[in-house]
Amino acid sequence: MQLDEIINKHKASLNATDTVIWKYIVTHRAGVRHISIHELARACAVSSTTVVRFAQKLGLDGFGELKAILKMEEPSGEVYHSDVLKDLGEFYINTGKKLMARNFDNASKLIHEANRVFTYASGYVQSNVVQELKRLFFYDNVLVFEIRGREEFNAVMQNVTKDDLFIFVSFSGESPNVTDFAQQLQLRDVPLISITKLHDNTLASLSTVNLYVSPARFQLYDEDDTRPPFQSMMPYFLLLEIWYVKYRVYLHNKAEAAKKKADASAES
């Protein structure tokens, strides 16, 4: 599990001092990989014990394990590679393996039991992800209603209930509309599934379930070329396909369990 995912999982238990430590780590991620606990404590104006407690709140043994995770996440750097197709292929394979190993039961349970399902996309590419979500779950008669702005969201909120479900697609998880909408839903105890890039973000911390992805950037151009690196968005669409297949498996297993229970009751 990566550090941003760990932070999102435990964010509710962090206090103001913990947030100061985390913000320093985010801002100086490369440097923190190689400094001591005393140096980090001085930089954050806290004690070494406070740093240890921060790490323990994340379910880690201490600062040593936190730093080890940071070192494992150290990027190799964006440089031109002549065999970029091989790199891209390996990225696809590794992404698929990680997503296949993930448990989607909580997300599948929410969408199966929801009375109504609403989605909101925070941008153009995100909207394409939502269209694919709607297409896939349509095969199971799950109608997904897309909200396209604040006025539509406010209208829906007039009669929303705890039996409804919202799915937000936001790469950063920090856009004003997304965080405001998520906070309103949380106040009403309305379940929310978020799909975001894997990093510490407000939307993930406000969500009932967070489905994260890790896009990758590939440098297709020479060093003196000013064009930005190519970023693969494939993980977002692969996540949806794997989630849908696992949703079908979830429904099958649920039906089998109900059948066995009914058979056992009949025999008794």
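This short talk describes one buried residue and one sheet in a predicted model.

Good morning. Because the model is predicted, local features need pLDDT of at least 70 and side-chain atom pairs count only at pLDDT 80 or more, while totals for chains, interfaces and linings use all residues. Residues are numbered from 1 along each chain as its sequence is written, and side-chain values use heavy atoms, with hydrogens and water left out.

I begin with Phe54. This residue lies in helix α5, residues 48–57; helices (H or I, at least four residues) and strands (E, at least two) are DSSP runs, numbered from the N terminus. Is Phe54 buried or exposed? Phe54 is buried, at a relative accessible area of 0%, where buried means under 20% and exposed over 50%, with partly exposed in between, for a 1.4 Å probe and protein chains only. Contact means heavy atoms within 4.5 Å. Beyond its neighbours within four places in sequence, Phe54 is in contact with Ile7, Leu14, Asp18, Ile21, Trp22, Ile25 and Leu66. Leu14 is 40 residues from Phe54 in sequence, yet their C-alpha atoms are 7.8 Å apart.

I turn now to the sheet. Its 5 strands form an open sheet in the order β2-β1-β3-β4-β5, with parallel pairing; two strands pair if DSSP finds at least two bridges between them. At the edges are β2 (144–147) and β5 (209–213), each pairing on one side only. Within the sheet, β1 (residues 117–121) and β3 (residues 165–169) run parallel and are joined by 5 bridges. Ala121 stands opposite Val169 in β3.
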